[in-house]
Amino acid sequence: MIIFKTKNELQEYLHVQRSQNKKIGFVPTMGALHDGHISLIINAKKDEMLTVCSIFVNPAQFNDKDDFDKYPSTLGADIALLDMAGCAILYLPSVNEIYPNGVENAISYGFGKLETVLEGAKRLGHFNGVGKVVGILLETIMPDALYMGNKDYQQCLIVKDLCRQMNLSERIRFVFCPTSREADGLAMSSRNRRLTEPQRAIAGIIYQCLISIQSKYSSGGNFAIVQKECLDLLRAKGFEVDYISLSDANTLEELAQYDPNKKMIALIAAKIGNVRLIDNMMVNE
Ligand code: AMP
């Protein structure tokens with residue numbers, strides 16, 4: 001694997017690869033890699049892409065300084081994992097390389113209602129920061145395909161809209177990959193490393209709640225009732241719940257009740273101790 005720290009060197013290299021008809025598959029990450037990230041690399045490799053992974057902890061998308069300061073960094077292990085997975089290129093830029101004129105002067109995109117609900121409501125400015133960094137990374141790399149995880153479902157919709165605004169929708173193929181989970185269903189996340197042993201032991205409950213919401217739909221149940229049951233259960237186990245939402249999977253408009261005429265997604269965000277976890281599940285495929 002080749003590691004580039006500057007945009008110019010990376011672009012020069014990609015230019016040569018493109019002239020040899022290589023297709024570029026891009027996997028943006030913030031590092032502290034786990035099998036979920038690696039599944040994106042594997043998907044890109046399956047599609048015979050020259051795989052570029054970026055690791056950049058983007059200060060612009062953290063509204064909580066403590067979360068940014070505590071974001072895990074495991075670069076040595078990340079490089080070993082990427083190497084093993086057969087990733088061709090790692091882009092490892094500094095903050096100055098990404099934002100040479102400062103974060104506040106980077107191009108800012110608006111996402112309308114999509115950035116004001118769910119994660120957007122709880123993490124003010126988060127998607128504005130995501131838009132800034134992904135816009136810069138896409139302009140730098142100009143991939144043929146972009147691999148992202150459904151675990152961050154709202155982020156997938158935001159980035160799709162970003163590509164529309166950048167007139168890249170025709171050029172870049174989106175590959176949204178399934179969520180990789182631990183044996184108890186807990187969605188893999190870099191933040192899981194910060195869970196204490198007792199917190200980790202109960203963290204799989206979020207997945208159980210999503211399964212309940214999905215299965216209550218199949219058995220003709222009432223969403224408001226299952227939502228309350230999940231809220232009570234999570235609170236009883238010590239979670240501070242940000243939301244348990246049933247939403248339209250295309251627009252993320254919140255639904256009060258199951259609606260078979262819509263593609264629905266259930267989304268949960270909850271904090272245990274000072275670790276905030278998110279997960280989601282399609283209710284009707
Ligand atoms: P992050 O490093 O958390 O910014 O994530 C980088 C990419 O990996 C994003 O597209 C995430 O959605 C994706 N990702 C994170 N966790 C998982 C997971 N458990 N399964 C699949 N993809 C994931």
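User: What makes the pair of Ser 180 and the ligand a polar contact?

Analyst: A backbone N or O atom of Ser 180 lies 2.9 Å from a nitrogen atom of the ligand. A polar contact is a pair of N or O atoms within 3.5 Å; within protein, one must be able to donate a hydrogen and the other to accept it, and residues adjacent in sequence count only if both atoms are side-chain atoms. The Ser 180 distance is within the cut-off, so the term applies. This is a predicted model: local features need pLDDT of at least 70, side-chain atom pairs count only at pLDDT 80 or more, and totals for chains, interfaces and linings use all residues. Side-chain values use heavy atoms, without hydrogens and water, and residues are numbered from 1 along each chain as its sequence is written.

User: Which side chains make polar contacts with an oxygen atom of the ligand?

Analyst: His 37 places a polar side-chain atom 2.9 Å from a ligand oxygen. For Asp 152, a side-chain N or O atom is 2.6 Å from an oxygen atom of the ligand.

User: Which residues around the ligand come nearest?

Analyst: Met 30, His 37, Asp 152, Ser 180 and Met 188, out of 16 around the ligand. A residue is counted if one of its heavy atoms lies within 4 Å of the molecule.

User: How do you know where domain 1 and domain 2 are?

Analyst: The bounds come from an automatic or database domain assignment. That assignment gives 2–177 for domain 1 and 190–280 for domain 2. Their C-alpha centres lie 26 Å apart. The contact (heavy atoms within 4.5 Å) takes 23 residues from domain 1 and 20 residues from domain 2.

User: What area do the two domains bury between them?

Analyst: About 1800 Å², 52% of it on carbon and sulfur atoms. Buried area is the accessible area (1.4 Å probe) that two parts lose on being put together, summed over both. In domain 1, Leu 118, Glu 119 and Tyr 153 lose the most, together 33% of what that side buries.

User: Why is the pair of Asp 67 and Arg 194 called a salt bridge?

Analyst: The term asks for a side-chain nitrogen of Lys or Arg within 4 Å of a carboxyl oxygen of Asp or Glu. Asp 67 and Arg 194 meet at 3.3 Å, N to O, so the pair qualifies. Between domain 1 and domain 2 the count is three salt bridges.

User: How many salt bridges does this rule give in total, and what does the Asp 67 pair tie together?

Analyst: Twelve salt bridges. Asp 67 lies in helix H3 (residues 65–69) and Arg 194 in the loop between strand E6 (173–177) and helix H9 (197–202), so the pair joins parts 127 residues apart in sequence. Helices (H or I, at least four residues) and strands (E, at least two) are DSSP runs, numbered from the N terminus.
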